[in-house]
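Biologist: I would like to learn how to read a protein model step by step. Could you take me through one, giving the general idea before each case?

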Amino acid sequence: MKPDEIRKIEAYLRSKFGSPSIQVKARPRKDDSAEVYIGDEFIGVIFRDDEDEDLSWNFQMAILEIDLEDV
C-alpha cells in the first residue's frame with residue numbers, strides 16, 4: 001500500500017474508533033496490505049481490494065479464545 005493510503009486509513013480508524021494510539025504500518029515484502037496496531041499490540045491486517053471497479057480496503061482481525069478469558 002502507498003504511504004498516502006496508509007496515512008488516510010490510519011486517520012480514518014483513529015477517528016472511527018476514537019483511539020489516537022491506532023497505527024497502520026506497511027508490511028515488509030507486501031504491497032497489497034498493511035498491519036494495524038493499538039500501541040505496540042498487533043490487532044489485524046488491512047487488505048487493499050482493487051479487483052473490481054470500486055477500490056476498497058478490508059480489515060481482518062482474529063479474536064482468539066484466550067483473548068476473551070479476562071473479559
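Modeller: Gladly. We begin with how elements get their names: helices (H or I, at least four residues) and strands (E, at least two) are DSSP runs, numbered from the N terminus. With that in hand, K2 can be placed in the segment before α1. Please keep in mind that this is a predicted model.

Biologist: Which elements does the protein chain have, and what pattern do they follow along the sequence?

Modeller: The protein chain has one helix and four strands, and they follow the pattern α-β-β-β-β. Its C-alpha atoms fill a box of roughly 40 × 25 × 25 Å along the principal axes. Of the 71 residues, 25% are buried.

Biologist: How do I check the span of helix α1?

Modeller: Count 1.5 Å a residue: for the 15 residues of α1, residues 3-17, the expected span is 21 Å. The C-alpha atoms at the ends of α1 are 21 Å apart, so the two values agree. After α1 comes G18, with a positive phi near 60°.

Biologist: Which residues of α1 are buried, and which are exposed on the other side?

Modeller: The general idea first: an α-helix has 3.6 residues a turn, so residues three or four places apart point the same way. In α1, the buried residues are E5, I6, I9, E10 and L13. They cover an arc of only 130° around the axis, which means that they sit on the same side of α1. R7, K8, Y12 and S15, on the other side of α1, are exposed.

Biologist: What do the buried residues of α1 pack against?

Modeller: Their partners are β1 (22-26), β2 (33-38), β3 (41-49) and β4 (56-60).

Biologist: Now the strands. What is their order in the sheet, and is the pairing parallel or antiparallel?

Modeller: In general, strands of a sheet pair through backbone hydrogen bonds, either parallel or antiparallel. Here, four strands form an open sheet in the order β1-β2-β3-β4, and the pairing is antiparallel. β1 and β4 are the edge strands, each pairing on one side only. On average, neighbouring strands of this sheet are turned by 30° against each other, direction ignored. α1 packs on the sheet and touches β1, β2, β3 and β4, and its direction makes about 160° with that of β1.

Biologist: How many bridges join β1 to β2, and how many join β2 to β3?

Modeller: Five bridges join β1 to β2, and six join β2 to β3. To follow the register, start from K25, which stands opposite E35 in β2. E35 in turn has V45 in β3 as a bridge partner. Another pair to look for is A26 with A34 in β2.

Biologist: How much of β2 is buried?

Modeller: β2 is mostly covered, with five of its six residues buried.

Biologist: What should I look for in the loops?

Modeller: Look at the sign of phi. Most residues other than glycine have a negative phi, and most peptide bonds are trans. The hairpin of β1 and β2 has six residues between the strands, and there R29 takes a positive phi near 65°. R29 is a residue other than glycine. With a relative accessible area of 81%, over the 50% cut-off, R29 is exposed. The hairpin of β2 and β3 has two residues between the strands, and there G39 takes a positive phi near 65°.

Biologist: Which residues make up the largest nonpolar core?

Modeller: This core has 10 residues: M1, I6, I9, L13, I22, V24, A34, V36, I43 and I46. At least two of them come from each of α1, β1, β2 and β3. The largest share is that of α1, with three residues. To zoom in, take I6: leaving out residues up to four places away in sequence, I6 touches M1, V24, A26 and A34.

Biologist: And K2, where we began: is K2 buried or exposed?

Modeller: K2 counts as exposed because its relative accessibility is 51%. Its C-alpha atom is separated by 8.3 Å from that of A26, although the two residues are 24 apart along the chain. For the protein chain as a whole, take the contacts between residues at least 6 apart in sequence: 16% of them join residues at least 24 apart.

Note on methods:
Residues are numbered from 1 along each chain as its sequence is written. This is a predicted model: local features need pLDDT of at least 70, side-chain atom pairs count only at pLDDT 80 or more; totals for chains, interfaces and linings use all residues. Side-chain values use heavy atoms; hydrogens and water are left out. The expected span of a helix is 1.5 Å times one less than its number of residues. Buried means under 20% relative accessible area, exposed over 50%, partly exposed in between (1.4 Å probe, protein chains only). The arc is that of the directions from the helix axis to the C-beta atoms. Contact means heavy atoms within 4.5 Å. Two strands pair if DSSP finds at least two bridges between them. Axes are lines fitted to C-alpha atoms, for helices over the stretch in contact, and angles run from 0 to 180 degrees between N-to-C directions. A nonpolar core is a set of buried Ala, Val, Leu, Ile, Met, Phe, Trp, Tyr and Cys residues joined through side-chain atoms within 4.5 Å.
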